[in-house]
Amino acid sequence: CDDSFLETAPNDALSPSTFWKNEKDLELALTGIYNGFESGGSLMYRDAGSDNAYNNFPWEGWTNIGNGKLSAADPGASYYNFGTINRSNEFLENVDKATEVSEEKRAIYKAQVRFIRAYNYYILTTNYGDVPLITENFATPEEAKVPRDSREIIRKFIEDELKDVIVVLPESYPGGEYGKATKGAAQALLMRYYLYFKEYSKALTTAKEISGYSLNPTFEGLFDPANEQNSEVILSVQHTADFYALDFTPFLPNGLGGWSSVVPTQSLVDAFEMADGKTIEEAKETGEYDPSNPYKNRDPRLRATIVYPGQVFANQVYRSIEEGSNDYYNTADNASKTGYNFKKYTTFMDLDPGSPYWNMGNDIYIFRYAEVLLTIAEAKVELGQIDNELYEALDKVRLRANMPAVDRAKYSSQETLRKLVRNERRVEFAMEGLRRDDIIRWDIASETLNKDLTGTKRGTVLESTQPNGDHNVSLNLPANFIENRQFQAPKNNLLPIPQAAIDKNPNLKPNNTGY
Amino acid sequence: KVVDKDTGIPIPGVNIIEKGTTNGTMTDFDGNFILEAPANTTLVISYLGYTTQEININNRSEIDIALQQGAAALDEVIVVGYGTQKKVNLTGSVASVDGDMLESRAITSVSAGLSGLLPGVSVRQSSGMPGADGGTIRIRGTGTLNQASPMVLIDGVEGSLNDVQSNDIASISVLKDAASAAIYGSKAANGVILITTKTGKYGEPTVNFSSDIGWQSPTKLPDYLGSYDYATLYNEALENSGKAAKFSEEDLELFRNGSDPFGHPDTDWQDLLYQGSGFVITNNFGISGGSDFTRYRASINHQKQEGIIKHTGKNEYNGRLNLTLIPKKWLTTNMNLSYTQMDREQPNNAYVGGGIDQIIRQANRIAPWIPYKNEDGTYGTISDGNPIAWLDMGPQINYLRKTFVGIGSIQVDLMKGLNVKALVSHRNVESDNSEMNKEIQYNPSKYHGPTKLFEDLSSSTRNTLDLTANYFSTLNEVHNVAALAGYHAESFDYKRTTAYRENFPSTELPNLDAGSTNGMKNSGYTRELNMVSWFGRINYDFDGRYLLEANLRADASSRFAEENRVGVFPSFSAGWRISEEAFFEKGKNIFNDLKLRVSWGQLGNQDALDDYYPTIPTLGLGTDYPFNSTITPGAAVINAKNEALIWEKTTSYGLGLDTRIFNKLDLTVDVYKKLTEGIIMQVPAPNEFALNNFFDNVGKVDNKGIEASLNYRDTFGDLYFGFGGNLAYNKNELVQLAGTDQIISGRQIRQLGKSLDAWYGYKTDGLHQSQADIDNYPINTIYGNQIKPGDLRYVDTNGDGEVNADDRVLLGNSTPNFNFGFNLNLEYKNFDFLALFQGATGAYGYMDFDAIGAVNGDAQKPSAIWLDRWTPTNTDTGVPRLVDGIYGPSMPQNSTTSYWLRSTDYLRMKNLQIGYNIPQNILERWNISRLRVYYSAQNLFTVTNYLEGWDPEAPSGRGSSYPVVMTNSVGLNLTF
């Protein structure tokens, strides 16, 4: 019997010994790193950890982060994984074996991978503080039982890496490679990083260096799947139906077959200004705001972001305030508990109510140019640079949304402008995953989250309609109580490292303070 | 003339020898024999499988001899690896059972039929699903953290218990220790089950027909509350969490009086679910016989089973032909062919799939106030749909499995005591599975779809070659030597292809082509495993008193890297038949046989991993990403590989005693120690390691145990009495664990010095009765102020003043450490009676929220246990307070607590049989030699303290498994 009888090998996987040779190999491995480096669904769930949204089902991971009941044993959604970092390290360790590929090309490959790795460390450190900094993979699990590195080390790493790759990454790629990390993406992450850690002047400088992008002409148009590659997009999670699809079932109303897993709160609805730029408190005094018909004459972004009672969505009138409706809060488990549903990104249901919403190809934005403008505004407010550049940055975002420019007289102090900028950021990016980080870095999470969470007031949807087609409503019954939310700072500024991770690597102890 | 004592059928081929001489003969077709012998001599009448008798001729010229079947332990020949051996000469630990213990039992799987029959062989039958109701078999505990099922050989060729029908089984031997199993080397660490199928006997053709019809029903069903009770509890739970009640007094009254069956229904989902007939019919037809040149047996089996849930069923056909040709005195050829085809079907749903499991789970969850159907005939639904609507759509999943096994062998007797044999085998299993998810419009506002179809074709083939030489010789009448040398080679090939389409225009077009090409998917891969082995065995005995045996096997497997490819597995054993010693002569009147055995040996487990290439690092394909909305292929290292991986090695030590007392009582006692080293474990990779499945040979598990079996038989006039009992205690201990003290996974822990996979969590000691009680108790940091009066009191086990993750302790074993079985056998005239009991103790099951139910809106319902929940006015109870939802300090979901852990100790009547043989004088008219009619029951009753409504053998946890079933059946055996 010859020896080859006992030599068998799989016929459906590549062998590392013959890999890492040519450009095709590098493309395969690079694509493997983009696979799952960020999750579109997860970005949309993340606001449930803030005052913007509520996660109806604890097992999905965000209920207890939102109400503060999370613990190491039951941490809810976890970001504590190093899978993409491992793939990145593997790539960086081997890429230079591919000598068939020119050094210049390899440099761009490396820069993309280092960007993705830095992006992952940003997620890790903003959620967990101190985490192990791993830049070389381990040969055995035993070696991987490493302790955490201080957040300062992680931050320095992220900053250095991004500065390095910004000068290498191209401004764009050929059309077929759309979705790869550009120079702008690395700049945007560095900008977000500086802002998060309150280095405002660096944030401002970095933001101003970002060029080549402009706002999409309309706000609603941003979320039309047909327009997902518009001039505003700096980086987005790519999806395509069937093979790398996004399932919108968790975000849609029960009446359309959705689960209402993540639903907007009343607090978010109230944050949208009136169409003329007044806050609802101001408009209440002038009588423009009618608490029993509150969705009338509001910032158009409200209608583009949230399905509210009386709205015509997917050819149906959304009647969550009326008992007997499929969307009434206690009709079904999957009816929204707040009486609101998620609209951003789901507008495809308006265009075609028969869309296969469980199998969509929408790209989900990670960075878009509006964030650059609002970062310029915020950094300048914090730096006390109240000048025209600040107002213009805000105006661009507001005018694009068909809102009036900032009333210079009304918003002239640092204090009033800070409030305005923060609110602008909230309504512009609602349900895009920024809010939790924002309220934590602004140190206002305990103030905004320590409350009873309630949904919309209940009542009836009237026959009369507004010019935009929405029905008027009469909210004359009390709101329903959902839960009491707690946020203890500084404990809840960070998530607990999951007990399961500590069980496997006791060197991670101690857990974050308070857990 | 020699006949069978029970059946009266003549037995051909019986050996008749004049005692102390070589003068002898054999019976002919009709059981007749002629032997010339002195008038007063004694004849020894012996035949395989019957008690040997000695009869004095006493000047008679015609003698009728009735041989008793099976009883003779002393002459019993037992099948062992690559041969047979007299039981008295065994030095290893082998348990065996005759095929007749599996007959007339309406069992639907051979594995389940073994339950309770053999000491040290534990069988857990956890489901009654047609076609998937086999038991999980463990021999002498669980020795590995991996694949722990024994190796099964049928007529010397590796296969599966599913390949053989109980009616075709002549005997089953279980090789329990390394001394007996080492001849199978790297596949034998979990024990070996040897099945021998029935062959033809010398004589005229005998036709056997048996038929059995039975009805199955669940052994236990959980008791869920109806609408009124649930609605009341739901309001209470909502109130407890500060929310408004959902149901008004009016609603409650309508639920109570049932006057509004559509608006306020009280749907009994369990009742709707279990509407299947549970009907089982088994038919078996066999012809056997033999001449000087041939032995043959052919049989056909058919079993059709309809589940206790509609559209779950199986239809199984099996044909078998065993043919032996003896063209020359020195040449024997043998051919065994068997073909089994099994169809199974299941319903399914368009929502999440999951087949019957998901349907049972949803029926166990959906609230009773959801109507099965609305007044207009449409279905009532919750967001997950309606499980009975899924059932109403008929079967959607079809599994078809075809197994062909062909064995051919040639044996040449070269000279007296020396033969060589070549055996080739081919086993092919073809699986053709098709799963549909039919779209459904439950009612105008609820739709699940679209229709999908998943096809899964797989084929596995194993070809083997065995070359063996056997030598036997006796020197000076006292030195008996036997030797075996052999070579084995095998190749195993597996191929799988899957295809998927969706968006079918109709639910009635179950072909892939009918679906849309948009979104279609497919996959496919092959696997290969080759092996080459050498083996040998030497037996020596001195005058039948001192017995020695040595085995050696060397295996080379393609599974491992070249430098680790060869494993060597030796074993030694010895026996001392004290009863044969001269000094024991007097004792022999009492102890007819007395033997001590001792053994040592090593075995391997190469099937520990499913992975056929565990040492070859690869970049997996399929980590794609859609740049520019177009899928682009990606590759990444997903699984870590360890090139140094090698098989697990088990060393076992054994000490045994066999005795027979007063020719009526057989007793066997074994003690053993079985240490498995180098257990392949997925090393608990920290998140920081980031790759899955890093396996290494880093575990060590020790099993120590004692087994005893006892058989007593006697006759009192016309009454035959038999009692058989066996018990086994096994202590399982984890000795080494990947360089760590413990690995916690979910609710279970692997901790050094403890049993594998023990339950791990918080100890609770009753309920908090008041806020003051809570305040005085160590602070619970896990739940903080969520703890309310009526919640479980978590014990601060380490006494540090607070309850936290460090207070988790071992709560109990997940597998039994004590297994036992016993049977009682009575025969009186034409009546016979058999009762077989089986039980296990020492294990616990965890009651998850799916099992106990919860108060959680439409998607869940509480079980009856919640009626006795704690309330401020019902404080004398162990059941915690109600909460709204499935989470809470006292709910089983998030924390594992001792409260929800329940002992699964049980004693079960596995089989009851009452039979009647139609008297010979009636049968003779029809030329029938035997006709027996019987009633038989499986799982007739169970004594247990487990949570009411849940079967102790069923898997704990999710509560979605197909119930364990009880079967009542009647049948007949006909021979002519």
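## Chain B, up and down its length

In chain B, 68% of the contacts with a separation of 6 or more are between residues 24 or more positions apart; a contact here means two residues whose C-beta atoms, placed from the backbone, lie within 7 Å. This is a predicted model, so local features need pLDDT of at least 70 and side-chain atom pairs count only at pLDDT 80 or more, while totals for chains, interfaces and linings use all residues. As for the labels, residues are numbered from 1 along each chain as its sequence is written, and chains are lettered from A and ligands numbered from 1 in the order in which they are written.

What is chain B built from? Its secondary structure comes to 10 helices and 52 strands; these are DSSP runs, numbered from the N terminus, with helices being H or I of at least four residues and strands being E of at least two. Chain B has a radius of gyration of 31 Å, close to the 30 Å that the globule rule gives for 976 residues, so it is as compact as a globular protein of that length. (That radius is taken over C-alpha atoms, and the rule is 2.2 Å times the number of residues to the power 0.38.) The C-alpha trace of chain B spans about 100 × 70 × 65 Å along its principal axes.

Of the 976 residues in chain B, 46% are buried. Buried means that 20 or more other C-beta atoms lie within 10 Å of a residue's own; exposed means 12 or fewer, partly exposed is in between, and C-beta atoms are placed from the backbone.

## Over to chain A

Chain A has 18 helices and 11 strands. Its radius of gyration is 24 Å, which agrees with the value near 24 Å that a compact globule of 515 residues would have. Along its principal axes, the C-alpha trace of chain A spans about 85 × 60 × 45 Å, and 52% of the 515 residues in chain A are buried.

Let's pick out one helix. H13(A), residues 369–383, has 15 residues and reaches 21 Å from its first C-alpha to its last, close to the 21 Å expected at 1.5 Å a residue (the expected span is 1.5 Å times one less than the number of residues). H13(A) is mostly covered, with 13 of its 15 residues buried. Just after H13(A) comes Gly384(A), with a positive phi of about 75°.

## Domains of chain A

The domain assignment, which is automatic or from a database, splits chain A into domain 1 (21–220), domain 2 (249–362 + 449–484) and domain 3 (368–444). The C-alpha centres of domain 1 and domain 3 of chain A are 25 Å apart. Their contact takes 25 residues from domain 1 and 23 residues from domain 3.

Which helix gives the largest share of the domain 1 side? That is H8(A), with six residues.

## Where the chains meet

In chain A, 69 residues are in contact with 59 residues of chain B. On the chain A side, strand E1 (13–14), helix H1 (23–34), helix H4 (83–94) and helix H18 (499–504) each supply at least two residues.

There is strand pairing here too: two bridges join E1(A) to strand E31 (residues 619–621) of chain B, and the two run antiparallel. Strands pair if DSSP finds at least two bridges between them. Ala13(A) has Gly620(B), in E31(B), as its bridge partner.
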